[in-house]
Each structure stands twice: as structure tokens, then as C-alpha cells.
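Visitor: Please show me the model, and then let me ask how its descriptions are justified.

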Amino acid sequence: MTKFIEKNSLMPQYLQFPRFLLEMEQINENAKMIYMLLLDRARLSQQNTGWRDEEGRIFVIFTISELAGVMRKGETAIKKGLQVLERQELILRRHQGRGRPNRIYVKLPVLQEECSISDRRITDCKTVTITPFQTDAIQ
């Protein structure tokens, strides 16, 4: 059963889908969904204590089996999606030791404004995603 959204309708919980992912054809839909879930968890980590490393960078803990359960996918599909995100430098996984889950650092693309110049005036500015992504090395 469904109903129309009205002015006072209670809205369901939702995840935000980053617009830049729409332009990244080299990332499959599965990896995009994983990124969206990791980004959502990173937002929570920003608001809580204990989720920053010694350099102040936010990380999340989301095991492969947890991701598989949330997405209703097999662990192999989750592993492949995480590998795609790592290759695109949208996440960085750091091993914490045997039997402990990885820290996952969710990264954001570097954005830059591109503008046209005519008659010494800047016009037609648009924000573009820089690829490959610029990253800081995490030791």
C-alpha cells in the first residue's frame, strides 16, 4: 500500500547519494551503494567521540559481513565493491591486527571551480571533480 506525500507527511529515513558519483562511470552501482552507506556512517562518526585517528581524520568500522547483511548481498560482492572504491581512492582501509576489523577512511573528491575568461571577466563557472583524487598518505 502506498499513499501520496502531503505537506505534513512523515518522511522515511533515507541516505544521501553524493551527486559526484553519478558522473563516475568507472564505479558500479554496488560500489556506489557501499560508498553511500560508508559516508552515512562517517557522518555519525563526525558527531561522536572515538572515531578520529591521531591526525584527526574520521574513520568508520563496518565489517564485510555487516555490509553484506545491510545490502543483502554476498560477501564477495561487498569485497569487490570495496576494491573498486579503493582503486578510485574514495576509501582507504587500514588493518588493525588479526581478528580486528579494518578502519575505513571515507574520502571526498577534491572539487575545483573551472571558469571561462572573456574580456578579462570570469564567466560560466562550474564545479568539477578532480581525478585522480588527491590523497594524503595515511601510515
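Visitor: What is the sign of phi at Glu89, which follows H3?

Guide: The phi of Glu89 is positive, near 60°. This is a predicted model, in which local features need pLDDT of at least 70, side-chain atom pairs count only at pLDDT 80 or more, and totals for chains, interfaces and linings use all residues. Residues are numbered from 1 along each chain as its sequence is written, and side-chain values use heavy atoms, with hydrogens and water left out.

Visitor: Why is H1 called roughly perpendicular to H3?

Guide: Helix H1 (residues 29-47) and helix H3 (residues 75-87) pack at about 80°, with axes 8 Å apart. Angles of 65 to 115 degrees count as roughly perpendicular, so H1 is roughly perpendicular to H3. On the H1 side, the contact (heavy atoms within 4.5 Å) includes Ile34 and Leu38.

Visitor: How do you know that the span of H3 agrees with its 13 residues?

Guide: The expected span is 1.5 Å times one less than the number of residues. That gives 18 Å for H3, and its end C-alpha atoms are 18 Å apart, so the two agree.

Visitor: What makes Ile78, Gly81, Leu82, Val84 and Leu85 of H3 buried?

Guide: Buried means under 20% relative accessible area, and exposed over 50% (1.4 Å probe, protein chains only); these five residues of H3 are buried. They cover an arc of only 155° around the axis, which puts them on the same side of H3. The face turned away from that side carries the exposed residues Thr76, Lys80 and Arg87.

Terms used
Axes fitted to C-alpha atoms, helices over the stretch in contact; angles between N-to-C directions. Helix = DSSP H or I, 4+ residues; strand = E, 2+ residues; numbered from the N terminus. Parallel < 35°, antiparallel > 145°, perpendicular 65-115°, else oblique. Arc of directions from axis to C-beta.
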